[in-house]
Amino acid sequence: MLRGICFFLCVLVLRGLLHSELTGVLDDCFCDVESIDVFNNFKIYPRIKRLTEKDYFRYYRVNLKRPCPFWPDDAQCAIKDCHVEPCPESKIPVGIKSGNYNKYSQAANTMSDMTDCEQAKELGAINSTLSNQTKKAFADWARHDDAQDHFCELDDETSPDAEYVDLLLNPERFTGYKGPSAWRVWNSIYEENCFKPRSVYRPLNPLAPSRGDDDAGEGFYNWLEGLCLEKRVFYRLISGLHSSINLHLCAEYLLDEGWGRSVWGPNVQEFRQRFDTAVTKGEGTRRLKNLYFLYLIELRALYKVAPYFERAFINLYTGNAQEDSATKELLLQIFNEIRTFPMHFDEKSMFAGHKTEAKILKEEFRLHFKNISRIMDCVGCSKCRLWGKMQTQGLGTALKILFSEKEIQNLPEHSPSKGFQLTRPEIVALLNGFARLSTSIHQLHNFRLLLKENR
């Protein structure tokens, strides 16, 4: 069992349909689903929604043209709702497009210009004495060292293909992208990156060979429970992310497209198809459990990283002093609310065995997740790719935080840290990714109400 992790028991009773109540006590702590729902829907969701509407968090720089590294890009979505509208450079706040993502205040930006200039002179002098081969080796080492704590394949923001996207003008919703192309992406994630042997069949996998029996689910979960804690957690994180994305698509579904005006809203039938107990043979319950599990993981990461942002010199710089101050104040309010939550995930229970074995397992965990972030470049729908990349980077950043406890504890109060840093894309993805989970739990409440009305 996971120590300090709050699981919940779903009771789904609506004559075979998903009941409107998610109730139950949580293992190993005085925690229940109702408390999490109230905490999120009343304390977190309204604030995190306002935070993601701030300029610092609404603009995300991403490369949506990176080729899929695993199979040919043969299924690019031609549906108009798959299209992502990039943001013109003129609309981007000056403090964001300056490119100094590790500098958070105007003073830091000014200081960095002088330092960078001086460093360039020194590096230029050194480079003149090095062979091209040695220069390349140094560059490779630098990239390797920089990547050691990353759980995601990061976009090269200097690439001409990287563009700013306004997340508010390109919301995550159902675009019509589905079928074999979408299945292949998730199949690759689950089958090749979740530590699963091919002889074990995942329930309801549309690409798996038909077995003609109902034992696949039981066999899969017997295998899953036999795994070590870390590998079970890995699967549940991915399943939780998948469930959250599915909830967004159900909640923002294209209901009508007439007279040039599209109408988006909740689709109860689609929700039932993905989460109903009878239709999914019990999988809907497990999927929603994993959503709550993922929420607790990212909530814990925000709790852990709060001291990083609470330092006075970190201003989330956009160039608009009044806006920046309001953004920082709202972020700190969210951290204060998170501190009041009494049922946090205890990450110390992970990688706690023999040092050598734990180190190997942690690296395997990191590389598997990093590979999943690369698979997001294989999503054929541009809008789905955008939100998939962003939410994957958000979860990767949360994992980076959870496994950097010592570095965060040793942060200097009045200057940047060399041991632990977050780039602007990581910060934007972390808060937007958690906002998506918070939105999912809020949307789940709305679907409960709709299901009650349909009884």
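Reader: Before anything else, when do two strands count as paired?

Author: Two strands pair if DSSP finds at least two bridges between them. In this predicted model, strand β1 (residues 59–63) and β2 run antiparallel and are joined by 5 bridges.

Reader: Which residue stands opposite Ala162 in β2?

Author: That is Asn63, which stands opposite Ala162 of strand β2.

Reader: And is β2 largely enclosed or open?

Author: Strand β2, which covers residues 162–166, is largely enclosed by the rest of the structure, because 4 of its 5 residues are buried.

Reader: Let me step back: how many helices and strands are there in the protein?

Author: The secondary structure comes to 15 helices and 4 strands. Of the 455 residues in the protein, buried residues make up 52%. If one takes the contacts between residues at least 6 apart in sequence, 78% of them join residues at least 24 apart.

Reader: What about the other strands, then: how do β3 and β4 run, and how many bridges join them?

Author: They run antiparallel, and 5 bridges join β3 to strand β4, which spans residues 261–265. Within this pairing, Glu257 stands opposite Ser262 in β4.

Reader: How many residues lie between the strands of that hairpin?

Author: The hairpin of β3 and β4 has 2 residues between the strands, and in this hairpin Trp259 takes a positive phi near 55°.

Reader: Moving on to α9, how many of its residues are buried?

Author: Helix α9, made of residues 268–275, is mostly covered, with 6 of its 8 residues buried. Those buried residues are Val268, Glu270, Phe271, Arg272, Arg274 and Phe275.

Reader: What covers them?

Author: The cover over the buried residues of α9 includes α8 (229–251), β3 (253–258), α10 (283–310) and α15 (424–453).

Reader: And what does Asn267 do at the start of α9?

Author: There, a side-chain oxygen of Asn267 reaches to within 3.1 Å of the backbone nitrogen of Gln269.

Reader: Does α9 come up anywhere else, say in pockets, and which residues lie nearest the centre of the second largest pocket?

Author: The second largest pocket is lined by 41 residues, and those nearest its centre are Trp183, Trp186, His242, Asn246 and Arg274. Helix α9 is among the elements that give two or more residues to this lining, the others being α6 (180–193), α8, α10 and α13 (382–402). Arg274, one of the residues nearest the pocket centre, is also one of the buried residues of α9.

Reader: Which element gives the largest share of the lining, and what is the volume of the pocket?

Author: The largest share of the lining of the second largest pocket comes from α8, with 7 residues, and the volume of this pocket is about 1100 Å³.

Reader: Now for charges: how many salt bridges does the structure hold?

Author: It holds 21 salt bridges. One of them is formed by Glu53 with Lys49, where the closest N and O atoms are 3.1 Å apart.

Reader: Are those two buried or exposed?

Author: Neither word fits, since partly exposed is the class between under 20% and over 50% relative accessible area. Glu53 has a relative accessible area of 36% and is partly exposed, and Lys49, at 39% relative accessibility, also counts as partly exposed.

Reader: What about Asp81 and Lys80, is each of them buried or exposed?

Author: Asp81 counts as buried at 11% relative accessibility, whereas Lys80 is exposed, with a relative accessible area of 55%. Their salt bridge has its closest N and O atoms 3.6 Å apart.

Reader: With which residue does Arg232 form a salt bridge?

Author: Arg232 forms a salt bridge with Glu225, and the closest N and O atoms of the pair are 4.0 Å apart. Arg232 is buried, with a relative accessible area of 11%, while Glu225 counts as partly exposed at 45% relative accessibility. Elsewhere, salt bridges that share partners join Arg66, Glu153, Asp155, Asp377 and Lys389 into one network.

Reader: One last topic: where is Val200 placed?

Author: Val200 is in the loop between α6 and α7 (216–225), and at 14% relative accessibility Val200 counts as buried. Leaving aside neighbours within four places in sequence, Val200 is in contact with Phe220 and Trp223.

Reader: And what separates the C-alpha atoms of Val200 and Gly217?

Author: These C-alpha atoms are separated by 9.5 Å, with Val200 and Gly217 lying 17 residues apart along the chain.

Note on methods
Residues numbered from 1 in each chain as written. Predicted model: local features only at pLDDT ≥ 70, side-chain atom pairs only at ≥ 80, totals over all residues. Heavy atoms only, no water. Buried < 20%, exposed > 50% of the residue type's maximum accessible area, 1.4 Å probe, protein only. Contact = heavy atoms within 4.5 Å. Polar contact = N/O pair within 3.5 Å; in protein donor to acceptor, adjacent residues only side chain to side chain. Salt bridge = Lys/Arg side-chain N within 4 Å of Asp/Glu carboxyl O. 1 Å grid on protein atoms, 1.4 Å probe; cavity = no way out; pocket = protein on both sides within 12 Å on 5 of 7 lines; lining within 4 Å. Points joined across faces, edges and corners; volume = space filled by probe spheres on them.
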